[in-house]
Amino acid sequence: MKKLLIVLCLFLCPLCYAKEPFLKFEIDAEKNANSHNNMGILYVQDKYYAAAIKEFQTAILLCPDKQSSAVYYTNLANVYMKIGYPSLAQDTLERALKLYPMNFAYYQDVVQTYKMQGLLDTKLKQYENDMKNPMSEVMTGLILIELGRVEEGLNKLHQFCLIEPDLIISKGVMKYIKENSNVKL
């Protein structure tokens, strides 16, 4: 028995004093968040929305301030829209915009939430009065288009592109203008 104990100690002692632990577990929050997002997408495809919401929320909780979370927020907002909760979708999309304001599709989606809630006129006034944020021009243009003032809205978007030609979002805005007008820019 004594010999067995000595052999065990000789075997285990080097493992205890090693510079690197024998078993090393690392948790990669971003990788796990991506996995939860992917699982949420699968649940959406199967129309299992409650589970999809939980997966997207978990992905967001794992990386709340990362730019990649803008995608998770957007996926969550899309589920909220599918199940008829545009106010939750609006809040979620606005969070996505704070993390990544250069995605033009996010602005289009937010305007759709305003439309579903009957907030277009109210939000138009809000964005027209916000001169500090250059992105207000984008929102104003999209809201005007949704209100049926298409030419005026397209002009606002074009004006934004003239003022901010080097922003990443400007390419998306120009593409949108070209697709929705007969005017050559």
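# Surface, helices and charge pairs in a predicted model

User: How does L88 count at 39% relative accessibility, buried, exposed or somewhere in between?

Analyst: L88 counts as partly exposed at that 39% relative accessibility, and since this is a predicted model, the statement describes the model. L88 sits in helix α5, and together with I83 and Y85 this residue makes a nonpolar surface patch of about 260 Å².

User: Ok, zooming out, how many helices and strands are there in the chain?

Analyst: The chain holds 10 helices and 0 strands, so that, by the way such elements are assigned, reading along the sequence gives α-α-α-α-α-α-α-α-α-α.

User: And what share of the 185 residues is buried?

Analyst: Buried residues account for 34% of the 185. The accessible surface of the chain is about 12,200 Å², with 57% of that area belonging to carbon and sulfur atoms.

User: Which residues touch the most other members in the largest nonpolar core?

Analyst: That core has 44 residues, and the ones touching the most other members are Y107, L142, L157, I169 and V173. As a general background, nonpolar side chains in soluble globular proteins tend to be buried together.

User: What is Y107 in contact with, leaving aside its neighbours within four places in sequence?

Analyst: With those neighbours set aside, Y107 is in contact with L97, P101, M135, V138, M139, L142 and I169. For the chain as a whole, among contacts with a separation of 6 or more, 47% come from residues 24 or more positions apart.

User: Switching to α7, which of its residues are buried?

Analyst: Helix α7, residues 120-128, has L120, K123, L124 and Y127 as its buried residues. They lie on the same side of α7, because the arc they cover around the axis is only 110°.

User: What do those buried residues pack against, then?

Analyst: The buried residues of α7 pack against α5, α6 and α8, while T122 and K125 are exposed on the other side of α7.

User: Now charges: how many salt bridges does the count come to?

Analyst: The count comes to 5 salt bridges. One of them joins R95 and D91, where the closest N and O atoms are 3.1 Å apart.

User: Where do R95 and D91 lie relative to each other in α5?

Analyst: They are 4 residues apart in helix α5, residues 86-99, which means that about one helical turn separates R95 and D91. R95 is partly exposed with a relative accessible area of 41%, and D91 is also partly exposed, with 35%.

User: Which residue does K115 meet in a salt bridge?

Analyst: K115 meets E146, with an N to O distance of 3.0 Å between the side chains. This pair links distant parts of the chain, since K115 is in helix α6 (residues 104-117) and E146 is in helix α8 (residues 135-146), 31 residues apart. K115 counts as partly exposed at 44% relative accessibility, and E146 is partly exposed at 27%.

User: What about E137, how far apart are the closest N and O atoms in its bridge with K156?

Analyst: For E137 and K156 those atoms are 3.9 Å apart, which still satisfies the cut-off because a salt bridge requires the nitrogen to be within 4 Å of the carboxyl oxygen. E137 lies in helix α8 and K156 in helix α9 (residues 150-163), so the pair ties together parts 19 residues apart in sequence.

User: Are E137 and K156 buried or partly exposed?

Analyst: E137 is buried, with a relative accessible area of 18%, whereas K156 is partly exposed, with 23%.

Definitions and conventions: Residues numbered from 1 in each chain as written. Predicted model: local features only at pLDDT ≥ 70, side-chain atom pairs only at ≥ 80, totals over all residues. Heavy atoms only, no water. Helix = DSSP H or I, 4+ residues; strand = E, 2+ residues; numbered from the N terminus. Buried < 20%, exposed > 50% of the residue type's maximum accessible area, 1.4 Å probe, protein only. Core = buried A, V, L, I, M, F, W, Y, C linked by side-chain atoms within 4.5 Å. Contact = heavy atoms within 4.5 Å. Patch = residues over 30% accessible without salt bridge, like charges linked within 9 Å, V, L, I, M, F, W, Y side chains within 5 Å. Areas by Shrake-Rupley, 256 points an atom, 1.4 Å probe, with all protein chains shown as cover. Arc of directions from axis to C-beta.
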